[in-house]
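Here are some short exercises to work through with the predicted model open in your viewer. Try each task before you read its solution.

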Amino acid sequence: MLPKSARVNKTLFDTVMKHGRVAYTPHFSFRYLYPTTDTYPTKKIIVRISAVATKKIFKTAVARHAITRKVYRAVREIGERLTFPTISLIIFAKVGAEKLSFEKLMSEIEEGL
């Protein structure tokens, strides 16, 4: 799990959903927003990421929590190898994401990033 300071909060979530760009992979969709100076007035690099598994796709809470934990773990491991720009990112899991092995899941998220 990522620390709360590294996750997208509710107001930023709404902003990313409204103004963000979209990228797709077979099992994930990404909404991202490069913040302006209005959002982050400091020059500090801030990366905020959120993982979403909807109830429409993953019926049980166990399945939703499992996929979000996998996504957060993959992002944390990818973040140790790569450098991110200042970005707000929301990762939505699609159908079939729960069946991926962790290595395939991680490579697909890295491809999307």
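**Exercise 1: Charged pairs on helices**

Glu 77 and Arg 73 are both part of helix 2, four residues apart, or about one turn of the helix.

Task: Decide whether Glu 77 and Arg 73 form a salt bridge or stay unpaired, and look for another pair of this kind.

Solution. Start with the general idea: side chains of opposite charge can pair when their charged atoms come close. The cut-off to apply is a side-chain nitrogen of Lys or Arg within 4 Å of a carboxyl oxygen of Asp or Glu. For Glu 77 and Arg 73 the closest N and O atoms are 3.2 Å apart, and the two form a salt bridge. Next, check their surroundings: Glu 77 is partly exposed at 25% relative accessible area, and Arg 73 is partly exposed at 40%.

By this rule the count comes to two salt bridges. The other joins Asp 14 to Lys 10, with 3.7 Å between the closest N and O atoms. These residues are four apart in helix 1 (residues 10-19), so about one helical turn separates them. Asp 14 is partly exposed at 41% relative accessibility, while Lys 10 is exposed at 63%.

**Exercise 2: The two sides of helix 2**

Task: Work out which residues of helix 2 are buried and where they sit around its axis.

Solution. First, take the dimensions: helix 2 (residues 61-81) has 21 residues and reaches 31 Å from its first C-alpha to its last, close to the 30 Å expected. Second, list the buried residues: Arg 64, Ile 67, Thr 68, Val 71, Tyr 72, Ala 74, Val 75 and Ile 78. Third, place them: they cover an arc of only 165° around the axis, which puts them on the same side of helix 2. On the other side, Val 62, Glu 80 and Arg 81 are exposed. Finally, ask what the buried residues pack against: strand 2, strand 3 (47-52), strand 4 and helix 3 (102-112).

**Exercise 3: Building the sheet**

Task: Establish the order of the strands and the sense of each pairing.

Solution. Begin at strand 1 (residues 21-24), which pairs with strand 2 in the antiparallel sense over four bridges. Val 22 stands opposite Arg 31 in strand 2, and the two strands form a hairpin with three residues between them. Now move on to strand 4 (residues 87-93), which is antiparallel to strand 2 and joined to it by six bridges; here Ser 29 stands opposite Phe 92. Strand 3 and strand 4 are also joined by six bridges, but run parallel, and Ile 49 has Leu 89 as its bridge partner.

Putting this together gives an open sheet of four strands in the order 1-2-4-3, with mixed pairing. Strand 1 and strand 3 each have a single partner strand and stand at the edges, so one side of each lacks a neighbour in the sheet. Neighbouring strands are turned by 20° against each other on average, direction ignored.

**Exercise 4: Helices on the sheet**

Task: Find which strands helix 2 lies across, and which strands helix 3 touches.

Solution. Helix 2 lies across strand 2, strand 3 and strand 4, running at about 155° to strand 3. Helix 3 packs on the sheet as well, touching strand 2 and strand 4, and its direction makes about 35° with that of strand 2. To finish, look at how covered strand 2 (residues 28-33) is: five of its six residues are buried.

Methods: Residues numbered from 1 in each chain as written. Predicted model: local features only at pLDDT ≥ 70, side-chain atom pairs only at ≥ 80, totals over all residues. Heavy atoms only, no water. Buried < 20%, exposed > 50% of the residue type's maximum accessible area, 1.4 Å probe, protein only. Pairing = 2+ DSSP bridges. Expected span 1.5 Å × (residues − 1). Arc of directions from axis to C-beta. Contact = heavy atoms within 4.5 Å. Axes fitted to C-alpha atoms, helices over the stretch in contact; angles between N-to-C directions.
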